Amino acid sequence: MQSMLPILIVEDSPEDFEAAVRAFSKAKVPNPIYRFSYGEDAFDFLKQRGRYFKHGAEARPGLLILDLNLPGTDGLKMLQEIRADPALKVIPVIVFSTSNSAREIEACYLAGANSYIVKPSNPEDLFEVIRRVKDYWLEVVTLPSKPESPDVVVPKNSASSNVSPRSAAG
């Protein structure tokens, strides 16, 4: 595996997040995985501001998996903000949504999504999708290295986000 950069998952459904973590674990992905339930918190983490300002040791994510239907700032708006930011726009973003609306898919690609995947409904199909994500994004593709900037560490007491690292290989 070429990169041990963290994978950031922005997903408000605990069930969908846990299913993804199980699939990453089954696919033997060793990268740390962080979850945010709200786009605003994920963007604060990416921008190293608010409670995530200069806390220490976490690398910028090598891959961001983004749900579209989030409370507050939705996934499309977050994608647009990431692509408008020179420091963040190099992060590969995979939109992972239950929607197969042609309009939403096109809007995501126009906003700069690297991939759009419709969430599979059963665990076997989810594992196959995650295995392919791993094969392509973590083994074939060369991801950008993190910029030379202060690192952040996630505070342990986060009410609106579950951001403690979860090793997918655990």
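This passage describes helix α5, the surroundings of Ser99 and some salt bridges in a predicted model. Local features need pLDDT of at least 70 and side-chain atom pairs pLDDT 80 or more, whereas totals for chains, interfaces and linings use all residues. Residues are numbered from 1 along each chain as its sequence is written, and side-chain values use heavy atoms, with hydrogens and water left out.

Helix α5 covers residues 123-140 (helices are DSSP runs of H or I, at least four residues, and strands are runs of E, at least two, numbered from the N terminus). Its end C-alpha atoms are 24 Å apart, in agreement with the 26 Å expected for 18 residues (1.5 Å times one less than the number of residues). Among its buried residues are Phe127, Ile130 and Trp137 (buried, under 20% relative accessible area; exposed, over 50%; partly exposed, in between; 1.4 Å probe, protein chains only). The buried residues of α5 pack against β1, α1, β3, β4 and β5.

Within α5, Glu128 and Arg132 form a salt bridge at 3.1 Å (a side-chain nitrogen of Lys or Arg within 4 Å of a carboxyl oxygen of Asp or Glu). The two residues are 4 places apart, about one turn of the helix. Glu128 is partly exposed at 26%, while Arg132 is exposed at 54%.

The whole structure holds 10 salt bridges. One of them joins Glu11 and Lys119 at 2.6 Å, linking the β1-α1 loop to the β5-α5 loop across 108 residues. Both Glu11 and Lys119 are buried.

Ser99, in the loop between β4 and α4, counts as buried at 13% relative accessibility.

Notes:
Contact means heavy atoms within 4.5 Å.
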